[in-house]
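Subject: Structure for you to look at

Hello,

Here is the structure I said I would pass on, with my notes below it. Please open it alongside the text, as the notes go residue by residue in places.

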Amino acid sequence: MRILILPALVLTAPATAQQSTPPQSPSPARLKADVETLVGFGTRHTLSSPDHPTRGIGAARKWAADELNRIGERCGCIQVARIGRTFSGPRAPDGVEVVNVLGFQQGEDPKRVIIVQGHIDSRVSDPMDFTSDAPGANDDASGVALVIEAARILSQHRFKATIVYAVLSGEEQGLWGGTLLAETAKERGWTVSAVLNNDIVGNTMGQNGVRVADRVRVFSEGVRASEAIDAQIARRGNGGEDDGPSRALAKAIDKVAADIPGGLDVFVVRRPDRFGRGGDHEPFLRLGYPAVRFSVGAENYDHQHQDLRTENGRVYGDTVAQMDFAYLAKVTAINVATIRRLASAPAAPKTVTLGGAVSADTAVTWDAVPGAFAYRVYWRRNDRQDWSDVRAVAGRNETVLKDVVVDDHFVGVAALAADGSESIVTFGERAPR
């Protein structure tokens with residue numbers, strides 16, 4: 001892999017940000033302005049010009065980097081970097097330089113990261129057409145605008161984890177930007193606590209003419225794509241198909257969203273992505289990182305991957321006119337609140353081990369987490385999907401759940417910060433034989 005520029009994660013104390021500033025709400029007006037700016041580059045196709053000053057993906061990437069730099073200059077807390085690699089495939093047979101723009105807001109732990117991302121590239125009906133106008137307003141200027149707005153809000157505070165604001169390229173050609181960032185995370189030894197991929201997050205009018213403005217879909221895998229067959233068999237034996245790290249992340253997002261007044265319901269979709277389709281979170285799943293995809297509650301396929309045209313009175317094309325920026329602000333708010341919680345919390349326990357076969361009690365032990373103030377032990381009957389009972393544990397990494405029969409219950413453990421910020425829940429399993 002060829003790294004273009006990547007200085008970002010350094011072992012120094014994070015810059016001081018404004019701790020006393022109250023949390024901001026995402027601005028529909030700012031989000032709209034950012035989407036309109038991105039649309040204004042004409043096309044952002046991955047094969048379009050990397051060098052033209054006003055048209056193409058190069059100009060769009062420069063704008064995104066400049067925006068993150070401006071935010072970083074105000075707070076003294078974000079470093080902007082670029083990573084790049086040449087990819088080739090059916091949609092780029094001659095090869096293309098895929099460049100991601102990254103903003104690093106360093107936390108107390110510079111190598112534990114929360115990634116929020118969207119892809120900046122766009123396309124029309126023909127995936128090889130890099131000259132026609134491809135506005136890509138919803139797919140995926142909406143996600144890029146969300147990432148930049150999240151940086152504006154979260155840069156006013158300091159966190160335990162490092163936040164990576166990622167503007168990816170090459171999604172439409174083969175999920176190449178996501179692949180590049182996921183493999184960079186592995187090569188650099190980052191501990192990835194969560195990846196929030198935002199792709200098509202700004203419309204409310206569906207294909208069938210029904211408006212869906214009260215929910216957002218969050219897609220997550222259950223059984224991990226990265227697990228070898230023996231690990232998949234073990235998860236099946238433990239009953240953990242609905243509690244892998246990415247599903248635990250989706251459930252945490254659902255819980256966060258429920259506490260946002262006037263917000264959206266999180267529709268936890270129990271598959272990695274839409275049926276037969278994919279996104280930039282999937283390369284992270286292949287490497288074992290917790291990753292989810294946010295997408296609107298109802299897609300409109302006339303306004304995705306379409307040449308700009310009108311046929312028989314039917315309008316096609318992904319333009320600003322089809323977007324709902326008040327809705328996009330609410331999706332942004334869920335991302336911001338989730339990042340705030342997870343970046344303020346310790347890492348999740350690496351493993352949770354259960355004992356209690358042929359017993360009326362369940363013994364729970366877990367790996368101690370550096371910096372954890374306490375832990376929460378969750379359990380539920382195994383005919384339920386959501387945790388129903390909880391116990392706080394401090395000063396140790398074990399407990400016994402009296403009269404909780406392990407045959408009939410699932411158990412998990414989360415790590416807590418002193419302010420109550422909580423990691424995702426690590427599912428309890430049998431000790432390896």
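Which residues does Asn198 touch, not counting residues up to four places away in sequence? The model is a predicted one, and in it Asn198 touches Val116, Gln117, Gly118, Asp140, Gly143, Leu146, Phe294, Val331 and Asn335. With Asn335 there is also a polar contact, side chain to side chain, at 2.8 Å. Asn198 belongs to strand S5, residues 191-198. Its relative accessible area is 0%, so Asn198 is buried. Lys251 is 53 residues from Asn198 in sequence, and their C-alpha atoms are 17 Å apart in space.

The chain as a whole

The chain has nine helices and 17 strands. Its C-alpha atoms fill a box of roughly 70 × 50 × 45 Å along the principal axes. For 433 residues, a compact globule would have a radius of gyration near 22 Å; the chain has 22 Å, so the two agree. Of the 433 residues, 58% count as buried. If you take the contacts between residues at least 6 apart in sequence, 76% of them join residues at least 24 apart.

Helices H1 and H9

Two packed helices are described by the angle between their axes and the distance between those axes. For H1 (residues 28-39) and H9 (residues 325-344), the angle is about 105° and the axes are 8 Å apart. The two helices are therefore roughly perpendicular to each other. On the H1 side, the contact is made by Pro28, Leu31, Lys32 and Val35. H9 contributes Phe325, Ala326, Leu328, Ala329 and Thr332. By class, the contact has seven nonpolar residues, one polar and one charged.

Arg341

Helix H9 also holds Arg341. Is Arg341 buried or exposed? Its relative accessibility is 15%, and because the cut-off for buried is under 20%, Arg341 counts as buried. A polar atom of the Arg341 side chain lies 2.8 Å from the backbone oxygen of Glu422. Beyond four places in sequence, Arg341 touches Ala252, Lys255, Val256, Ser421, Glu422, Ser423 and Ile424.

Thr362

Thr362 sits in strand S12, residues 362-366. It is buried, at 0% relative accessible area. What does the side chain of Thr362 reach at 2.6 Å? The partner is the backbone oxygen of Val404. Val404 is also one of the residues that Thr362 touches, along with Leu354, Gly355, Thr399, Val400, Leu401, Val405, Val406 and Val411, leaving out residues up to four places away in sequence.

Phe427

Phe427 is in strand S17, residues 426-430. Phe427 is buried, with a relative accessible area of 6%. Ala414 is 13 residues from Phe427 along the chain, and the C-alpha atoms of the pair are separated by 9.1 Å. Outside its neighbours within four places in sequence, Phe427 is in contact with Asn238, Gly239, Gly240, Asp243, Val352, Trp387, Phe410, Val411 and Gly412. Val411 appears in the contacts of Thr362 and in those of Phe427, if you want a residue from which to look at both.

Regards

Technical notes: Residues are numbered from 1 along each chain as its sequence is written. This is a predicted model: local features need pLDDT of at least 70, side-chain atom pairs count only at pLDDT 80 or more; totals for chains, interfaces and linings use all residues. Side-chain values use heavy atoms; hydrogens and water are left out. Axes are lines fitted to C-alpha atoms, for helices over the stretch in contact, and angles run from 0 to 180 degrees between N-to-C directions. Helices (H or I, at least four residues) and strands (E, at least two) are DSSP runs, numbered from the N terminus. Angles under 35 degrees count as roughly parallel, over 145 as roughly antiparallel, 65 to 115 as roughly perpendicular and the rest as oblique. Contact means heavy atoms within 4.5 Å. Ala, Val, Leu, Ile, Met, Phe, Trp, Tyr, Cys and Pro count as nonpolar, Asp, Glu, Lys and Arg as charged, and the others, Gly among them, as polar. Buried means under 20% relative accessible area, exposed over 50%, partly exposed in between (1.4 Å probe, protein chains only). A polar contact is a pair of N or O atoms within 3.5 Å; within protein, one must be able to donate a hydrogen and the other to accept it, and residues adjacent in sequence count only if both atoms are side-chain atoms. The radius of gyration is taken over C-alpha atoms; the globule rule is 2.2 Å times the number of residues to the power 0.38.
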